[in-house]
Amino acid sequence: MEKAIGIVSLDDSIASFHLTHMAVRPEPYRNKSDVVRYPAWAYSINTQAAIWRKRHLVTLLRRLGSMSIEAFELRGSEVQNRELTDSQVHVTFRSPGETPLWLDTDPQKMNWTIPYHNLVHRGKWNERYRDFLSHRRLPTENPL
């Protein structure tokens, strides 16, 4: 995580550094062998774990106004793809392999910068993670 923060602090064109991987084919980013850039796609803006440049995120939130997370991702992606693709980029560390569309099936997800767990599905705790939650003394009752 410290390395990602360092990269963001040195490159003003980075709007966010994703700490998970997406099911899109990333592009090389500048001269960095371990960092890739996400191309414009339907979820260029998403709420997966990331380090955001505060200025970019706050500007986008103010511009779009109050809305659901799903609407923010879709409308934010439209703005990003239409107006900001070249000036504000979204990057991540290079993935060791292809990332599947359904992130929960990725065998590499435990090796991401922040290990990925799909704890909630359709408003209910995912039963596969009951032991994970209990072990960490987190609530196991319905989250909603």
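This report describes the fold, cores, a buried serine and the salt bridges of a predicted model.

## Overall make-up

The protein chain contains four helices and seven strands. Read from the N terminus, these elements follow the order α-β-β-β-β-α-α-β-β-β-α. Of the 144 residues in the protein chain, 40% are buried.

Contacts that link distant parts of the sequence can be expressed as a share. Taking contacts between residues at least 6 apart in sequence, 57% join residues at least 24 apart. The surface exposed by the protein chain comes to about 9100 Å², and carbon and sulfur atoms supply 53% of that area.

## Strand β5 and its neighbours

Strand β5 spans residues 89–93 and is mostly covered, with five of its five residues buried. Strand β1, residues 14–18, pairs with β5 in the parallel sense, and four bridges connect the two. Within this pairing, I14 has V89 of β5 as its bridge partner.

Strand β3, residues 32–37, also joins β5, here through three bridges and in the antiparallel sense. T92 in β5 is the bridge partner of V36. β5 thus has a parallel pairing with β1 and an antiparallel pairing with β3.

As background, side chains in a regular strand alternate between the two faces of the sheet.

## Nonpolar cores

The largest nonpolar core is made of 12 residues: A4, I7, V8, I14, F17, L19, Y29, V35, I51, V89, V91 and F93. Helix α1 (2–10) and strands β1 and β5 each contribute at least two residues to this core. Another core, apart from the one just described, has seven residues, including I45, F72, V79 and L84.

The bridge partners I14 and V89 are both members of the 12-residue core.

## Helix α3 and residue S77

Helix α3 covers residues 69–84, and its buried residues are F72, E73, G76, S77, V79, Q80 and L84. Among the elements that cover these buried residues are α2 (54–64) and β5. F72, V79 and L84 from this list also belong to the seven-residue core.

S77 sits in helix α3. The relative accessible area of S77 is 1%, so the residue counts as buried. A polar atom of the S77 side chain lies 3.1 Å from the backbone nitrogen of S44. Leaving aside residues up to four places away in sequence, S77 touches W41, A42, Y43, S44, I45 and F72. Of these contacts, I45 and F72 are members of the seven-residue core.

## Salt bridges

Six salt bridges are found in the whole structure. One of them pairs D11 with R30, with 3.2 Å between the closest N and O atoms. D11 is in the loop between α1 and β1, while R30 is in the loop between β2 (27–29) and β3, so this pair ties together parts that are 19 residues apart in sequence. The two partners fall into separate exposure classes: D11 is buried, with a relative accessible area of 9%, whereas R30 is exposed, at 59%.

A salt bridge also forms between the side chains of D12 and R53, with an N to O distance of 3.8 Å. D12 lies in the loop between α1 and β1, and R53 lies in the loop between β4 (50–52) and α2, so the pair ties together parts that are 41 residues apart in sequence. D12 is partly exposed, with a relative accessible area of 48%, and R53 is buried, with a relative accessible area of 13%.

The side chains of R82 and E83 form a further salt bridge, at 3.4 Å from N to O. R82 is exposed, with a relative accessible area of 57%, while E83 is partly exposed at 39% relative accessibility. Elsewhere, salt bridges with shared partners connect D12, R53 and R55 in one network.

Terms used: Residues numbered from 1 in each chain as written. Predicted model: local features only at pLDDT ≥ 70, side-chain atom pairs only at ≥ 80, totals over all residues. Heavy atoms only, no water. Buried < 20%, exposed > 50% of the residue type's maximum accessible area, 1.4 Å probe, protein only. Pairing = 2+ DSSP bridges. Core = buried A, V, L, I, M, F, W, Y, C linked by side-chain atoms within 4.5 Å. Contact = heavy atoms within 4.5 Å. Areas by Shrake-Rupley, 256 points an atom, 1.4 Å probe, with all protein chains shown as cover. Polar contact = N/O pair within 3.5 Å; in protein donor to acceptor, adjacent residues only side chain to side chain. Salt bridge = Lys/Arg side-chain N within 4 Å of Asp/Glu carboxyl O.
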